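Here is a walk through one protein model, starting inside a sheet and working outwards. Keep the structure open while you read.

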Amino acid sequence: VVHGQISQARQCNSYLGRGSGLRWRMMQARRRSRCWGDANILLFLLAFASLLRCMPGEDTADTDEVDKTYRFDAIVIGAGWAGINAARHLKAYGVRSVLVVEAEDYVGGRSRSFNEDGSVNQPPTTLNKQNVPYDAGSEWLYTDQTLTHHLYQTGHLYHVDVLDENDDYLPLAKMQYYRQHKDWRGHVRTTAMEKSEATRLKSRVWDTFTGFANHLWNIATEPDMSYHEAAERYRALISDEDRRYFEAALKSVGQIEYTANLTDLSLTSDVFFDGSEDMHYMSSTRVGFGNTAAAVAFGIGCDFLVGSKVTRVDYSRPEVLVTIEMNGGLTQAELVSTVVAVTVPLGVLKANSISFVPPLPSKKQQVIDKMKVGVSNKCIMIWDSPGSLVWPKDEIWFTFMPLEDTSGQVPRWTTFSNLSKYKGKPVLVGWIGGDDARHIESLTDDEVLDEVMISLREMFPAITRPDRVIVTRWASEPNFLGAYSYKSVGRSFSSDSATLAKPVGDRLFFAGEATAGAWYATTTGAWTSGYDAAVLMIKALLKSNENNAVD
């Protein structure tokens, strides 16, 4: 239940035999001495029950029986940044028994670090000092925010270069553009754009568009306008060459950063991201955003039950009854708690993966149904030989500006980050969003790489296929079902987010990036929402204690 090594988890699996169905939950008992609490007993009994069910000769067909009921003061469903911070504040306030239940077999949610030893999301201090993490989800941390302040104060940014001025995320002003064109013979060639020209284009094309779009927003007579509609109006006003730059910027900012197709992305005043915000890169050697999440969780002092899926939350009674499944449904248990925080991704709520009894209030359910979740995926490419680096080593971002083919099509993969200096070896990451990102989830890794290499070979003809590749498929993962929320046309995101965050009575609470208002789609927003939920949970616990004292 608590922290250990994934490598040890795999070893334990081999001891139990492949048919046991028992995974030793990513974490083992803390090395420091402490008394066993309810959650530790829960782990032992569930693990023992799981093992007995899978012994040779035992009948494991009946999986509907609930094994046992366990009681806690507070349960947090989901171990992403929202769940971690909710649990942290509950324990800091003195709530005695807090359990975090997570469906994945690691802590960190969409901050997921794949480490070179094969582990996922382990505290950096437990890993090799030269470990290179590859983050499938979040990689950049906003500066001067509450999460950043906590990581500073607790020493988790010790190996992060917080003075690096080039670690920006999708910086339109600093990208190295590669532009296709036809020479006088009609042959297609690709050349690097001068940085001075890119700077002028950013000012002349993108900055002008943001002003134009804000003007449309201010004079609009209809309730809302899509990003696509504003872009269509702007395209009619600019030259063909400026339009090519504009399309490249739109793809990076709209589809990749906001994870949505432009036709469904609302034209709101905060949408014009251009990579100018100060950020820290969290996936350098010896760090990893997911590994950092595990390290923060390690220091909380509460228990994490991972690899355990919540299927039902019954809040119809004085105490909330939470039903969980482990080992693919072979083991079930009922957990009872005075208060429960639901911090699972919006995609999971939209899919009704958790049954609520009684059903959630109609207004909250309507908001869940109407809010949108986007998709952004990565193709992480790793070369083992330093000689494989054939691109400019000091440039962090590359954007390919292709010509349309005879059918009007362009390559899907046009935006790349060069993380080689942070990893100590050649590493490129291809980025893709919106419907393009959904499309590639049905492809094999080799098929995805074939598409990626089309653009890379145009920019860097000498490039070879990587030695290893990691392709994310966030929309296909049942415990996520997407990347994060976005502002869709026709909805008031601030109102929807506030409704989603609103507690149901004084027992059921909600947190996560989609509840974070202006800070949606960020780890900072998730972290802050966890704190907000914990404050309300503590008030409810105090009220419950007062009522019990009177009784």
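## Where strands 6 and 16 meet

Tyr178 sits opposite Phe400 of strand 16. That pairing belongs to a parallel match between strand 6 (residues 176-182) and strand 16, held by 4 bridges. Bear in mind that this is a predicted model.

Helix 7 (residues 240-257) packs on this sheet and touches strand 6, strand 15, strand 16, strand 17 and strand 18. The direction of helix 7 makes about 130 degrees with that of strand 16.

## The whole sheet

Zoom out a little and you find 7 strands in an open sheet, ordered 7-6-16-17-18-15-19, with mixed pairing. Strand 7 (188-192) and strand 19 are the edge strands, each pairing on one side only. On average, neighbouring strands here are turned by 20 degrees against each other, if you ignore direction.

Another helix to look for is helix 13 (residues 445-459). Helix 13 lies across strand 6, strand 7, strand 15, strand 16, strand 17, strand 18 and strand 19, and runs at about 75 degrees to strand 15.

## Strand 17 and its two neighbours

Now move along to strand 17 (residues 415-418). Thr415 and Ser417 point one way from the strand, Phe416 and Asn418 point the other way, and all are buried.

On one pairing, strand 17 meets strand 16 (residues 397-401) in the antiparallel sense over 3 bridges, and Thr399 has Thr415 as its bridge partner. Strand 17 also pairs with strand 18, again in the antiparallel sense, over 4 bridges. There, Asn418 stands opposite Leu428 of strand 18.

## Strand 15, covered along its length

How many residues of strand 15 (residues 376-382) are buried? The count is 7 of its 7, so to speak a mostly covered strand. Ser376, Lys378, Ile380 and Ile382 point one way, while Asn377, Cys379 and Met381 point the other way, and all are buried. Notice that a lysine, Lys378, is among those buried residues.

Strand 15 has partners too. With strand 18 (residues 427-433), strand 15 pairs in the antiparallel sense over 7 bridges, and Ile380 stands opposite Val429. With strand 19 (residues 468-471), the pairing is antiparallel over 4 bridges, and here Met381 stands opposite Val469.

## Helix 14 and what covers it

Which residues of helix 14 (residues 493-501) are buried? They are Phe493, Asp496, Ser497, Thr499 and Leu500. Looking down the axis of helix 14, you see these buried residues fall within an arc of 160 degrees, so they line one face of the helix. A bit of background helps: an α-helix has 3.6 residues a turn, so residues three or four places apart point the same way.

What covers the buried residues of helix 14 includes helix 9 (346-350), helix 10 (362-370), strand 20 (485-486) and strand 21 (508-510).

## Helix 10 against helix 14

Take helix 10 from that list and check the geometry. Its axis and that of helix 14 come within 9 Å and cross at roughly 125 degrees. The two helices are therefore oblique to each other, and helix 10 passes helix 14 in a left-handed crossing.

The contact is made by Lys363, Lys364, Val367 and Ile368 on the helix 10 side, and by Asp496, Thr499, Leu500 and Ala501 on the helix 14 side. Of these, Asp496, Thr499 and Leu500 also appear among the buried residues of helix 14.

## Phe509 in strand 21

Strand 21 holds Phe509. Is Phe509 buried or exposed? With a relative accessible area of 3%, Phe509 counts as buried, because the cut-off is under 20%.

Leaving out residues up to four places away in sequence, Phe509 touches Val339, Val340, Ala341, Val342, Pro503, Ala533, Leu536, Met537 and Ala540. Gly530 is 21 residues from Phe509 in sequence and 9.9 Å away in space, C-alpha to C-alpha.

## The chain as a whole

Finally, step right back. The protein chain has 15 helices and 21 strands, and buried residues make up 55% of its 551 residues. Among contacts with a separation of 6 or more, 73% come from residues 24 or more positions apart.

Terms used:
Residues numbered from 1 in each chain as written. Predicted model: local features only at pLDDT ≥ 70, side-chain atom pairs only at ≥ 80, totals over all residues. Heavy atoms only, no water. Buried < 20%, exposed > 50% of the residue type's maximum accessible area, 1.4 Å probe, protein only. Pairing = 2+ DSSP bridges. Arc of directions from axis to C-beta. Contact = heavy atoms within 4.5 Å. Axes fitted to C-alpha atoms, helices over the stretch in contact; angles between N-to-C directions. Parallel < 35°, antiparallel > 145°, perpendicular 65-115°, else oblique. Left-handed = near helix turned anticlockwise from the far one by under 90°.
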